[in-house]
Each structure stands twice: as structure tokens, then as C-alpha cells.
Amino acid sequence: MCKQYPIFRNPQALADLRYRQAGPSYIKTAEGRAGRVFYRRSAIEAWLDERTVQSGGAAA
């Protein structure tokens with residue numbers, strides 16, 4: 001994911017967002033630390049869309 005989306009500098013950046021409950025939705029294969037984490041491309045795109053700011057608009 002980090003190569004396709006440079007906003008996520010490295011896998012740890014995504015882990016930090018998960019820890020803070022601020023990142024994109026994810027899939028976990030098992031409970032606890034044993035579970036691997038996967039992201040759907042659509043979840044990442046939706047997360048980015050929520051944070052997209054249109055320039056030239058009225059100030060919030």
C-alpha cells in the first residue's frame with residue numbers, strides 16, 4: 001500500500017493510524033497480535049476522499 005499511496009510513508013504509519021482509530025477501515029484475519037491486517041483499496045480511497053479539501057471554496 002505504501003508504494004501506491006505515498007501518504008502512508010511506511011507500514012508503521014498505517015499501524016499508528018489504526019492504534020489511534022483514525023485510519024481507513026481494515027480487515028483483520030484473527031484476534032490479537034496474531035491476526036494479519038489487510039486494507040481494501042476502496043476503504044483507502046474512501047478515507048482519502050473524506051479528507052480531500054477543495055481549493056478555492058469558502059472558508060469553513
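The exercises below concern a predicted model and work through its helix α1, its nonpolar core and its salt bridge.

**Exercise 1.** Determine which residues of α1 are buried and where they lie around the axis.

*Solution.* Step 1: apply the cut-off for buried, under 20% relative accessible area. In α1, this picks out A13, L14 and L17.
Step 2: check their directions. A13, L14 and L17 lie on the same side of α1, because they cover an arc of only 100 degrees around the axis. An α-helix has 3.6 residues a turn, so residues three or four places apart point the same way.
Step 3: look at the other side of α1, where P11 and Y19 are exposed.
Step 4: find the cover. The buried residues of α1 are covered by elements including α2.

**Exercise 2.** Identify the members of the largest nonpolar core, and follow the contacts of W47.

*Solution.* Step 1: list the core. Its seven residues are Y5, F8, L14, L17, Y39, I44 and W47.
Step 2: assign elements. Two or more core residues come from each of α1 (11-19) and α2 (41-50).
Step 3: set aside the neighbours of W47 within four places in sequence; W47 then contacts F8, L17, A22, G23 and P24.

**Exercise 3.** Locate the salt bridge and state how exposed its two residues are.

*Solution.* Step 1: search the whole structure, which yields one salt bridge.
Step 2: name the pair. The side chains of E50 and R51 meet at 3.1 Å, N to O.
Step 3: compare with the accessibility cut-offs. R51, with a relative accessible area of 42%, is partly exposed, while E50, at 61%, is exposed.

Terms used. Residues are numbered from 1 along each chain as its sequence is written. This is a predicted model: local features need pLDDT of at least 70, side-chain atom pairs count only at pLDDT 80 or more; totals for chains, interfaces and linings use all residues. Side-chain values use heavy atoms; hydrogens and water are left out. A nonpolar core is a set of buried Ala, Val, Leu, Ile, Met, Phe, Trp, Tyr and Cys residues joined through side-chain atoms within 4.5 Å. Buried means under 20% relative accessible area, exposed over 50%, partly exposed in between (1.4 Å probe, protein chains only). Helices (H or I, at least four residues) and strands (E, at least two) are DSSP runs, numbered from the N terminus. Contact means heavy atoms within 4.5 Å. A salt bridge is a side-chain nitrogen of Lys or Arg within 4 Å of a carboxyl oxygen of Asp or Glu. The arc is that of the directions from the helix axis to the C-beta atoms.
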